Amino acid sequence: ELKMDFKTKKTKVKTGSWQIALGLCKSCGICIERCPFEALAFSKEDLGIYSAPAVVVDPEKCTLCQICEQVCPDCALRVEKENV
């Protein structure tokens with residue numbers, strides 16, 4: 001049996017949540033560059049797959065636009081909006 005643990009970290013954001021799979025994040029920074037709200041940065045605590053800083057979200061700036069999820073080449077991010 002193949003068990004994959006990507007060590008996900010979920011952050012509550014306004015009307016939804018932002019989630020990163022630390023075991024998939026390669027710290028490439030594409031999501032940080034593309035975020036129009038400057039809501040992403042490299043973490044000072046969490047590490048990605050190569051022991052480089054993973055990405056962290058600022059819940060005050062994030063609008064759940066999903067651009068980061070769309071541009072992540074490793075599918076490490078997931079943005080979920082709550083149904084209102």
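In the predicted model, strand 2 and strand 5 are joined by five bridges and run antiparallel. Within this pairing, I20 lies opposite L77 of strand 5. On the strand 1 side, strand 2 (residues 16-21) is connected through six bridges, and these two strands are likewise antiparallel. Two residue pairs mark the register between strand 1 and strand 2: K10 faces Q19 across the pairing, and K12 has S17 as its bridge partner.

The connection between strand 1 and strand 2 is a hairpin with two residues between the strands. In this turn, K14 adopts a positive phi of about 30°.

Taken together, the three strands make up an open sheet with the order 1-2-5 and antiparallel pairing. Strand 1 (8-13) and strand 5 (77-81) are the edge strands, each of which pairs on one side only. Neighbouring strands in the sheet are turned against each other by 15° on average, with direction ignored.

Strand 2 is mostly covered, as six of its six residues are buried, that is, under 20% relative accessible area. In a regular strand, side chains alternate between the two faces of the sheet. For strand 2, both faces are covered. One side carries G16, W18 and I20, and the other carries S17, Q19 and A21, all of them buried. The buried residues of strand 2 thus include I20, the residue opposite L77, as well as Q19, which stands opposite K10, and S17, the bridge partner of K12.

Technical notes:
Residues are numbered from 1 along each chain as its sequence is written. This is a predicted model: local features need pLDDT of at least 70, side-chain atom pairs count only at pLDDT 80 or more; totals for chains, interfaces and linings use all residues. Side-chain values use heavy atoms; hydrogens and water are left out. Two strands pair if DSSP finds at least two bridges between them. Helices (H or I, at least four residues) and strands (E, at least two) are DSSP runs, numbered from the N terminus. Axes are lines fitted to C-alpha atoms, for helices over the stretch in contact, and angles run from 0 to 180 degrees between N-to-C directions. Buried means under 20% relative accessible area, exposed over 50%, partly exposed in between (1.4 Å probe, protein chains only).
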